[in-house]
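User: I'm new to reading protein models. Could you walk me through this one?

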Amino acid sequence: MNFFIKSQDKISEFKLQINYMKKFPKIVFIGSTHFSLYTLKELYIKQYNIVGIITSPDNPFFKKNKEAFTPVKIYALENKIPFLQPVNLLNSSFLENLKIWNADIQIVVSFRVLPKKVWNLPKMGSINLHASLLPQYKGAAPINWAIINGENKTGLTTFFIEKKIDSGKIILQKKIKIKKEETAGELEKKLIKISGSMVIQTLENIIKKKIKPISQNNIDSSLLKYAPKISNKDCRIQWENPNLESIYNKIRGLSPYPTAWTLLFFNNTKFLRFKIFLAKKIRKIHILPIGWILISSHEMKISVKEGFISIMEGQIEGKKRMHVKNLINGLKIRKNLFVR
């Protein structure tokens, strides 16, 4: 009988802990992408009190269906979580609705820059998850630029949002290795897997007051590397680059999106845009002109100063993404091909 009472007491205590967790802290989650979604799911499954979600407006290029919605909005609809989709983050109606939620803390994962009127609302502050080891690689594309620049490690950082972008005090960091042949897409998947648990650890440390935020101002600004938004121009491959490794890193750092590209010329008269998703590097001495293409029954190589870039997967304008064998089979002309 005594055992039963003790068990009942433990059950009651457990229920109280769950109820407490649901009540405090009240969380507003802010995000839009698949990267955001993983953290949102972790918080929701572990019964944190998400009182509302802010996500991007529907994509105007699609009609009214799920293709127009962000992954975060779809999850909110499926789980009946209130959400807002502001076009203007300073809109008075949006700000009033946000205040009604009365959040204790806001968690931001992969979203646009927040104005002070938004990030300064919660009494516990607003925290952001960034896909780099801050203060390195501040900006919109940290995963891409880390690989493009040939880094062998990166990670995740949680920090308090302040006025300057990605410059608030650091709460927690986790490092991971970048493999020599890893693409941006593969690296993103690795980071996603640890993102949810890291945000929850950060949140728990804030709740329990076990944090000692670290300033980002203690590094020489001349040593910083940045991760600005990648333009279409950034994606064009410069075959004249004397460094084989740099060309190779650019291809994998932009794969699968936004994708490295070049112009594929046929007999110097016709050209098509050619996207390269996967490649391997071959270091070899040769006397071929830069950008010349060598094709065999199973291989398509592009000459560069220190060797060759061998195409593994690509997409010729007007065609689908293909393995190299299918690319070769689809080419009617196999001689006098070059890229520029």
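Analyst: Happy to. Let's begin with a word we'll use a lot: two residues are in contact when they have heavy atoms within 4.5 Å. Also keep in mind that this is a predicted model.

User: Okay, let's try that word out. Which residues is Leu89 in contact with, leaving aside its neighbours within four places in sequence?

Analyst: Phe94, Leu95, Phe111, Arg112, Val113, Leu114, Pro115 and Val118. Leu89 itself is in the loop between strand S3 (83-84) and helix H4 (92-101). Look at Pro115 in particular: it is 26 residues from Leu89 along the chain, yet their C-alpha atoms are separated by 7.1 Å.

User: Is Leu89 buried or exposed?

Analyst: The general idea is a cut-off: buried means under 20% relative accessible area. Leu89 has 7% relative accessibility, so it counts as buried.

User: And what about Trp292, which also sits in a loop?

Analyst: That loop runs between strand S9 (270-283) and strand S10 (293-295). With a relative accessible area of 27%, Trp292 is partly exposed. Not counting residues up to four places away in sequence, Trp292 touches Lys301, Ile302, Ser303, Asn336, Leu337 and Phe338. For a pair that is far along the chain, take Trp292 and Lys229: they are 63 residues apart, and their C-alpha atoms are separated by 31 Å.

User: Can we do a strand residue too? Where is Ser310 found?

Analyst: Ser310 is in strand S12 (residues 307-316). Its relative accessibility is 2%, so Ser310 counts as buried. Beyond neighbours within four places in sequence, Ser310 is in contact with Ala279, Lys280, Ile282, Glu299, Met300 and Lys301.

User: How do I go from one residue to a whole helix? Why is helix H3 described as largely enclosed?

Analyst: You check its residues one by one. In H3 (residues 71-78), six of the eight residues are buried, so the helix is largely enclosed by the rest of the structure. The buried ones are Pro71, Val72, Lys73, Ile74, Tyr75 and Ala76. They pack against strand S1 (27-31), H2, strand S2 (50-54) and S3. After H3 comes Lys80, with a positive phi near 55 degrees.

User: How about two helices together? At what angle do H2 and H7 cross?

Analyst: Compare their axes. Those of H2 (residues 34-45) and H7 (residues 184-207) come within 9 Å and cross at roughly 40 degrees. That makes H2 oblique to H7. The crossing is right-handed. On the H2 side, the residues that meet H7 are Phe35, Tyr38, Thr39, Glu42 and Leu43; their partners in H7 include Leu191, Ile192 and Val199. Taken together, the residues of this contact are eight nonpolar, four polar and three charged.

User: Now zoom out for me. How many helices and strands does the protein have?

Analyst: Ten helices and 14 strands. Of its 340 residues, 47% count as buried. Its C-alpha atoms fill a box of roughly 85 × 55 × 50 Å along the principal axes. And among contacts between residues at least 6 apart in sequence, 65% join residues at least 24 apart.

User: Last one: what is the mean pLDDT of the protein?

Analyst: The mean is 92, and 92% of the residues reach 70 or more. Over residues 1-21, though, pLDDT is below 50, and that stretch has five contacts in the model beyond near neighbours in sequence. Where pLDDT is low, don't read the predicted coordinates in detail.

Key
Residues are numbered from 1 along each chain as its sequence is written. This is a predicted model: local features need pLDDT of at least 70, side-chain atom pairs count only at pLDDT 80 or more; totals for chains, interfaces and linings use all residues. Side-chain values use heavy atoms; hydrogens and water are left out. Axes are lines fitted to C-alpha atoms, for helices over the stretch in contact, and angles run from 0 to 180 degrees between N-to-C directions. Helices (H or I, at least four residues) and strands (E, at least two) are DSSP runs, numbered from the N terminus. Angles under 35 degrees count as roughly parallel, over 145 as roughly antiparallel, 65 to 115 as roughly perpendicular and the rest as oblique. A crossing is left-handed if the near helix is turned anticlockwise from the far one by less than a right angle, and right-handed if clockwise. Ala, Val, Leu, Ile, Met, Phe, Trp, Tyr, Cys and Pro count as nonpolar, Asp, Glu, Lys and Arg as charged, and the others, Gly among them, as polar. Buried means under 20% relative accessible area, exposed over 50%, partly exposed in between (1.4 Å probe, protein chains only). pLDDT is the predictor's confidence in each residue, from 0 to 100.
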